[in-house]
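Open the model in your viewer and show side chains as sticks. Keep the selection box ready.

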Amino acid sequence: MNYAYLFEYICERFRLSATDVIELHYSLPGCPFSILHNDNDFQMLFIGAKIYNLDCVEIIVEKNSERCSKRTSVSCEDSCFEVLDEDDYLTEGYRSEVSKPYLSREWGSYIQCEGQQFRGGASEFRDKLPKYAIEVGFTFVYTRNDWYRIHAVCSNMGTENCEWHVAGYSESLDGCFYIDSLNNVHTCKGVLRQKKHVRLGSKVVKTCIQEDISYNMSLKPRDIQIKMQSAYGFEISYKVAWKANQSARDMIYESKAESFNMLSWFREAVLASNPGFVFVLEVHPDTNQFHRLFIAYACCSEGCFPLAMCVCDSETEDNWCFFFRHLKDLLESQGRVVTFMSDHGNGLLGSFSMVLPGHPHLFCYMHLSANLMNRYGGVSATVKNKFFELAYASSPAQYRLHLRKLREIGDAKIIDDFLKDMPLENWCRAFFRGSRYGIMANSMAESYNAWFAEEREMPAYGMLDQTRIKLMNQMGEKRDEAQLWTTPLTPKMQDRLKEHMDATSQFNMVYSTTNIYEVRGKYSHVVDLGICSYTCRKWEIECFPCSHALAAIQAASKDVYVFVDPHYFADYCKKCYDVPLFPLSNADMASVESANDEFIHPPHVKRPPGRPKKKRFQSSGETQKKLIRCGRCQKLGNHNKATCTEPL
């Protein structure tokens, strides 16, 4: 194909006569107006198409100085025109790198011609103009930028007399913005796309990552930097990435001030789609500022975790009382007695005994061990392990034995002072008479705390909405997973039952009387099937028969599943997911009027200096000291040559 063939084809297609004055021109990224007049121009068209990886170039036909209503195009793939490239004759190691098409490629077409319309108004034009300048590779300044008119010129207008400029106005009738003056040709030097640009700030980056932030709130500034480098071909600083991340979150879930006011809509929306939803919002009566809220989904309160959540300023006794009061109302209406486990916090202890005196209360042994290590000013592995043995004691005799060993290894005064104010039934297995199912630590609460780590840093509405989405997705996946279970017990407990059953072959059974057996192995134990207990007390503590109990059950020719707690059965677990968490629609959020027309203001919080801390400070009892090698005894430990007391 050549220019003559193209000209003949256009005349035939548009039925043009030989007397018509015809002008052909086209546009490429960075070159909006190029004329086709001869074979040299036609060759440049194909060279430009190859540079910009274009498969097709649109050609505009003007007849007698009036633009034709139709356009034609040239396919750069099907053409027999050939452009020689030296890479065709070089080995692979010496060829030019193939340019990657970046997502910013379309930015080069944002500013096209006079009369161009921007339906988003002046704000859309202000968003697209910097992107166009970044992609083409120049800078500009505003000479006028107000609500009605915008005028921008090239930054080199004063130094190199560059004639590039764009001007437009806002039309009040339709709210659109129109370009009424444009000179899209630069007469200055250095119009070249670069990796860094002065206009590539957080406002531009925010629009590039908004979609990613909407479904991945844990996106880090480093991840944003990598995305801008790989997908857009630009380099940005960490500060720009961080500010863009925060701005994108505010754009999705409003600012922190607006977020508190959206809690009223969130309450009504969840109540409409999820009956039984409990949402208690407290505001200060004088200022209508947010104080605290209690939230519990019906699906969670009937079987799943987390049971309930509270949003407040700090863990004070007053806030704990607020949480426990509403939790008590929720539990008493269901007739449930729940065993609580906590970290032995000061504000929590007083409020729990005041509001929930009839419910069992356990202390997490991991938090207790950390508090004990604080008495020693650091971690003592020997004392810590002995305390674990003390907490796991299954009988009063074992408790006295491990307590004596702990007092011998550690300072007896420190141990006695630490244990004197803690009731034994709250932390030692041997003295707890309820059903604790073998749980010794509040790992579940810590797991959910870590699972919601990113959401906790979000504004109030965003935090609640994201946690709702996570819970809804988790419950749906768990429900589908549970439907595939084929065993009577849950898979984990079925495996434990099989493991215990395999261990029963090593025991000898001696029958005593009805339901009572002596199980003989390395040690002998007495099993009473009538009250589901035996001397080791593991059956009562874990609510699951151990190998000794299973040996007695088999000797009595009874069904082992009859002696398993109902909570371990697969059918019981499946019932926990019978009530789903239904989704919400926020399409009509702006049009729905809340029942409370008063604006909910954010609480007064004085921000401390420095970067906000996202991780809690660990106590000295939680921090493992680094082991060093002593220069005197050559042993690893927490001492050096000067403090070494090892005998040589």
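The tour goes through salt bridges and then a cavity. Keep in mind that this is a predicted model.

**Stop 1: the salt bridges**

Across the structure there are 16 salt bridges. Three of them make good selections.

**Stop 2: E135 and R193**

Select E135 and R193. Their side chains form a salt bridge, with 3.0 Å from N to O. Where do E135 and R193 sit in the chain? E135 belongs to helix α3, residues 122-136. R193 is in the loop between β9 (177-183) and α5 (202-215). The two residues are 58 apart, and the pair links distant parts of the chain.

Now turn on a surface. Is E135 buried or exposed? E135 has a relative accessible area of 16%, so it counts as buried, the cut-off being under 20%. R193 reaches 26% relative accessibility and is partly exposed.

**Stop 3: R144 and D146**

Move to R144 and D146. These residues form a salt bridge, and their closest N and O atoms are 2.8 Å apart. R144 is partly exposed at 40% relative accessible area. D146 is partly exposed as well, with a value of 26%.

**Stop 4: E282, R292 and D318**

Next, select E282 and R292. A salt bridge joins their side chains at 2.9 Å, N to O. Colour the strands: E282 lies in β10 (residues 278-283) and R292 in β11 (residues 290-296). The pair therefore ties together parts that are 10 residues apart in sequence.

Check the surface again here. R292 is buried, with a relative accessible area of 5%. E282 is partly exposed, at 24%.

Add D318 to the selection. Salt bridges with shared partners connect E282, R292 and D318 in one network.

**Stop 5: the cavity**

Leave the charged pairs and look for enclosed space. Rolling a probe the size of a water molecule over the atoms reveals where empty space remains. How many cavities of 30 Å³ or more are there? The count is one. The largest cavity holds about 40 Å³ of space.

To find the largest cavity, select its lining in two steps:

- I295, A296, Y297 and C300, which are among the lining residues.
- P306, L307, A308, M309 and L471, which also belong to the lining.

Colour this selection by residue class. Which classes appear in the lining of the largest cavity? Nine residues are nonpolar, with no polar and no charged ones.

**Last view**

Show the E282, R292 and D318 network together with the lining of the largest cavity, including I295 and A296.

Technical notes. Residues are numbered from 1 along each chain as its sequence is written. This is a predicted model: local features need pLDDT of at least 70, side-chain atom pairs count only at pLDDT 80 or more; totals for chains, interfaces and linings use all residues. Side-chain values use heavy atoms; hydrogens and water are left out. A salt bridge is a side-chain nitrogen of Lys or Arg within 4 Å of a carboxyl oxygen of Asp or Glu. Helices (H or I, at least four residues) and strands (E, at least two) are DSSP runs, numbered from the N terminus. Buried means under 20% relative accessible area, exposed over 50%, partly exposed in between (1.4 Å probe, protein chains only). On a 1 Å grid over the protein atoms alone, a cavity is a set of points where a 1.4 Å probe fits but cannot get out, and a pocket is an open set with protein on both sides within 12 Å along at least five of seven lines; lining residues have an atom within 4 Å of a point. Grid points are joined across faces, edges and corners, and a volume is the space filled by probe spheres set on the points. Ala, Val, Leu, Ile, Met, Phe, Trp, Tyr, Cys and Pro count as nonpolar, Asp, Glu, Lys and Arg as charged, and the others, Gly among them, as polar.
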